[in-house]
Amino acid sequence: MVKVSIDNITIEVEPGTSILNAARKIGGDVVPPAMCYYSKLKGSGGKCRTCLVEVAAGSTADPRPMPKLVASCRTNVMDGMVVKSMTSEKAIDARHGVVEFLLINHPLDCPICDQAGECDLQDLSYDHGLEGTRYEFDRRTFPKHDLGPYIQLHMTRCILCFRCVFAADQLTDTRQHGILDRGDQSEIATYIQQSLDHDFIGNIIDVCPVGALTDRTFRFKNRVWFLNPTDAHRDCPNPKCSGKVTLWYRGDEVFRITARKDQWGEVEDWICNECRFKMKKTSHWVIEGPRKIKRQSVISQGHYVGMTRPHEALPEVMHGRAPKLLMNIHSVSEVNRPAIDLSAIDGPAHSTDFEQPNNQS
């Protein structure tokens, strides 16, 4: 085991551990952001430069600082290494520059993008972005491209993290898409617009950190913060599929199915296309329970798991008397029936909950 200090916090890790993974063992704000690194994809990392950190001391044997900022996902720790992440002004300033660079050509279509609410680039720009842009030239644009019946490519939003290329290369037998051209003309594409038809190709949607690869069966149908994620599983006939998924409900309807992700936004177990795109009925699954969502995510609004209801002290103050309701319009309003308590309805309210006895709303 080797000792490394990150933002004045010392931890012991195994030799060969990257600075990024060592920081993840500590957790919190110490962890550098990462847009291209994916622990489950070999070869990933070193593309986006958002995880830059300052190494103040290389090791106990050679305590000299490294002359430049290094990518934490590609730099392994040494015994006695001292790293500055959030405590380094150089690293913070460099991340600001990287975010500004990533947003140069990125379109301002968050209000209509299906990735809004769970976009890593949104979180990164919120933490390290600038209020405006200094870019004065036209942004590069690409036409939308359907990569088969389930996936649509918006190359205009792509940040060239290469995650989808590594995923397709390692999960499928023959990779059909990759990086074409060079420089500012580089793009993710297939040769002569081929279709991606492999059983596990839907996983490239989950690994994409932005809205470049979207689910065609879910596009524009709902917002993720209106949905309730629920863990479920099934005995998938595909031996390579884990069958462990997250169902995204609104009411009783399953709007989409995704693989389960850990706290770093990485897929825990890969799933096949049949589980992802075709099994959209509750009867297909064994429900395990609500998915725990981190509190800083917008998806967690209205979705509380493991919380206790606050003590209601009003009856004690009123000596058991019920509070007097002011401006009670139930008796004159024809919208809601007085006997219906909205807070007691199991699930979202529907028009059928307020129908009058003679079936007139």
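**Exercise 1. Helix α3**

Against which helix do the buried residues of α3 pack? Work this out on the predicted model, and describe how the two faces of the helix differ in burial.

*Solution.* Begin with the residues of α3, which spans 120-128: Leu121, Leu124 and His128 are buried in this helix. The next step is to ask where they lie around the axis, and because they cover an arc of only 60°, they are placed on the same side of α3. This agrees with the general geometry of an α-helix, which has 3.6 residues a turn, so residues three or four places apart point the same way. The face turned away from the buried side carries Tyr126 and Asp127, which are exposed. Finally, the contacts of the buried residues of α3 lead to α2 (89-102), the helix against which they pack.

**Exercise 2. A four-stranded sheet**

Determine the strand order of the open sheet that contains β11 and β12, and explain which strands stand at its edges and why one side of each is left without a neighbour.

*Solution.* Start from the pair β11 (residues 228-233) and β12 (residues 244-250), which are joined in the antiparallel sense over six bridges. Within this pairing, Pro229 has Trp248 of β12 as its bridge partner. Extending the pairing across the sheet gives four strands in the order β13-β12-β11-β14, with antiparallel pairing, and the sheet is open. Since β13 (253-259) and β14 (286-290) each have a single partner strand, they stand at the edges, and one side of each is therefore left without a neighbour in the sheet. As a last step, consider the twist: neighbouring strands of this sheet are turned against each other by 35° on average, with direction ignored.

**Exercise 3. Aromatic pairs and charges over rings**

Classify the geometry of the aromatic pairs Tyr135–Phe137 and Trp225–Phe226, and then identify the ring over which the charged end of Arg234 sits.

*Solution.* The structure holds three aromatic pairs, of which two are treated here. For Tyr135 and Phe137, the distance is 5.7 Å centre to centre and the angle between the planes is 65°, which makes the pair edge-to-face. In terms of accessibility, Tyr135 is partly exposed at 31%, whereas Phe137 is exposed at 62%. For Trp225 and Phe226, the ring centres are 6.1 Å apart and the planes stand at 65°, so this pair is likewise edge-to-face. Trp225 is partly exposed, with a relative accessibility of 24%, and Phe226 is also partly exposed, with 42%. Turning to the charges, the charged end of Arg234 sits over the ring of Trp285, at 5.8 Å from its centre. A further example is Arg256, whose charged end sits over the ring of Phe218, 5.1 Å from the centre of that ring.

**Exercise 4. Two residues in their surroundings**

Decide whether Thr190 is buried or exposed, do likewise for Lys281, and describe the setting of each residue.

*Solution.* Thr190 is located in strand β9 (residues 187-190). Its relative accessibility is 4%, and because buried means under 20%, Thr190 counts as buried. Leaving aside residues up to four places away in sequence, Thr190 touches His145, Leu147, Gln176, His177, Leu180 and Leu196. Lys281, by contrast, lies in the loop between α6 (273-278) and β14. Its relative accessible area is 53%, and because exposed means over 50%, Lys281 counts as exposed. To complete the description, Lys281 and Glu266 are 15 residues apart along the chain, and their C-alpha atoms are separated by 25 Å.

Note on methods: Residues numbered from 1 in each chain as written. Predicted model: local features only at pLDDT ≥ 70, side-chain atom pairs only at ≥ 80, totals over all residues. Heavy atoms only, no water. Pairing = 2+ DSSP bridges. Helix = DSSP H or I, 4+ residues; strand = E, 2+ residues; numbered from the N terminus. Axes fitted to C-alpha atoms, helices over the stretch in contact; angles between N-to-C directions. Phe/Tyr/Trp six-rings, centres within 6.5 Å; stacked < 30°, edge-to-face > 60°. Buried < 20%, exposed > 50% of the residue type's maximum accessible area, 1.4 Å probe, protein only. Lys NZ or Arg CZ within 6 Å of the ring centre and 35° of its normal. Contact = heavy atoms within 4.5 Å. Arc of directions from axis to C-beta.
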